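Visitor: I am new to this structure and would like a close look at a single part of it. Could you take me slowly through one sheet and whatever packs on it?

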Amino acid sequence: MRNGRRKTWARALLIAGAGSVAPCPGAFAQSLDELLDQYRKATGAATAAEEDVKVSVSDLGTIELHVADVPLTAVLQALAQGSRRNIIASPGVTGTVTASLYDVDFEEALTAVLRQNGAGFRVEGNFIYVHTADELARMMLAPPEGRLFHLNYITPADAQNVITPLLSDVGKAAISPPVATGLSGNAEDGGSNANAGTDYIYVFDRPDRLEAVAAALAQVDVRPMQVLIEATILRASLTNDNALGIDFNIVGGVDLELLGSVSQGVQNITLGQLPVERFELFNSNVGTDFRGNVPPGGMTVGVIKDHVAVFLRALEDVTDTAVIANPKMLVLNKQKGQFIVGRRDGYLTTTFTDSVATQTIEFLETGTRLIFRPFIGDDGFVRVELHPEDSTGGVNSQGLPFEQTTEVTSNVLVRDGHTILIGGLFRELNTDKRSQVPGIGNVPGLGDLFKSRQDSLVREEVILLMTVHVVKDHAAYARASDRQAEDIEGLRVGLRQGMMWIGRERLAQDHYRRALEHYARGDNEKALWWVNLALHNYSRLAPAMQLKEQILGEHAWDEDNVSTRSFIWRLLQEESGANEPYFGRPAPPFPSPELKGAEGIEPAPPENAAPETPEEESS
């Protein structure tokens, strides 16, 4: 009985492939003891352990098993021999079994001994395959498949970075090519054969991983929020100039008349030439020339009497300037927004090398500019990188640019819907300029006659405000935009209606409105009259042309005497088999009179003429 058991056990080992004995023809000729010896050497199993496998099968098919620290492969072989089942274990199945089982069926016994060693089995036909738990998990996975995910808001590269950690060892992903960025107005950038559809990412993986990828993309590929930013730039400047100058001329020995002096409205005086006969006599002249230091304008007081001429000029010049720039722009989250209203002045630059001078044209941009980039947070705050600017400037007569600018570059945090002060500047410049006669000009009271004075005060104040609003209700924003568009249209209409009524276009508009009134009352005759008057004054008034076509029931057309203009139209008509007229023109064949005789068209006979006889007709 013991020899028979060993014989069955050895046969089971050969079938399962657990041993290292090659199934060559010479091996079957060996004795069972030699086979067992080879098995012991290959597996290291002890004879005592082999003999400790006790398996019995009852008539009802239940199994009784008693083992203690026996190799798992030996237990599997004993179960296969006892129940006459075909059990094949993978090379990765190892371990030992210690168990006592009573009256259990085959599957319960097999499950019990395998569970101790982290293994399991699967049945295919008449064979039972034993594998480790990892091997079974890989076998039970569904085969990989592909799925295409369309992306609406994130780039394919960003989506690939998100899903890469979710892919299995067999997972792969392919993305659509990147799209062109930026806006360049040149003939070389026409788009070529670039991707014009939506961005996508194609993922090849097992179904459970594809579901995880879909869930992740649904969370990140969401519509971005938009920010409406309004910047207010206030620049106020006050310039106050005060100037006072006194001129006087006092002549001695002669008077002003004798000198031939000339005065324009007693506001100035020009002394003439001293007569030659007065050279030998005593003559004198004392005068100042400070009135020219006062800018033109203001008040001038002049007194001329005999030997004395005095002129006083005073001016106070006040310039109060306030510039308010209020740019606003809607932009996506984390995207750059740029707004500029102003002018570009070109200037020439020259670059010299060893022997070549290269000239290029550069531009100076001045006006109101707003550059920003918002970052929307979940806590109701918005971080904004911004650069508001308001500048004036140009190019001087030497071709050099100059610019006066007010600008701020900052990175601020603003609560949604709030206005903050992001910058301010106050500057005051006082200038006191004096021109005087040395010494006497410093004498109180009297010194005012011998000097001129000019005071200048320049005060500047700059304030920059910013309001941030995250657009949440797009419907409300659309309604506000529609109202703004209506206001702009009303402004346009008001400007047009403010033009002189005798203009041709204004007359055409008035005639067209009268035509519409008559057409609404059903008086087509008067409506046609007024619409013809409208087109007479302004033949390109498209609504009037459409009304006339509607009244007459036909299209207005005029032959352009050009065959190439309708070439594509005719080609499409021939390809489709249609025969529609071009822009509603009459389509051929056109009706024509009947041709008779050698002259072409014969005149019709009189109504009272007798019919011709056959002989006359033949002659």
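Guide: What follows is a walk through one sheet, strand by strand, and then through the helices beside it. Please keep in mind that this is a predicted model. The sheet is an open one of three strands, which follow each other in the order β7-β9-β8 and pair in antiparallel fashion. At its edges lie β7, covering residues 145-151, and β8, covering residues 172-175, and each of these edge strands pairs on one side only. If you compare the directions of neighbouring strands in this sheet, leaving aside which way they run, they are turned by 20 degrees against each other on average.

Let us stay for a moment with one of the pairings, that of β8 with β9, the strand made of residues 199-205: these two run antiparallel and are joined by four bridges. To find a place where you can see this pairing residue by residue, look at Lys-172, whose bridge partner in β9 is Phe-204.

Two helices can now be added to the picture. Helix α8, residues 156-163, packs on the sheet and touches β7, β8 and β9, while its direction makes about 25 degrees with that of β9. Helix α9, residues 207-220, also packs on the sheet, where it touches β7 and β9, and its direction makes about 5 degrees with that of β7. Taken together, then, the part you asked about consists of the three-stranded sheet, with α8 and α9 packed on it.

Technical notes. Residues are numbered from 1 along each chain as its sequence is written. This is a predicted model: local features need pLDDT of at least 70, side-chain atom pairs count only at pLDDT 80 or more; totals for chains, interfaces and linings use all residues. Side-chain values use heavy atoms; hydrogens and water are left out. Two strands pair if DSSP finds at least two bridges between them. Axes are lines fitted to C-alpha atoms, for helices over the stretch in contact, and angles run from 0 to 180 degrees between N-to-C directions. Contact means heavy atoms within 4.5 Å.
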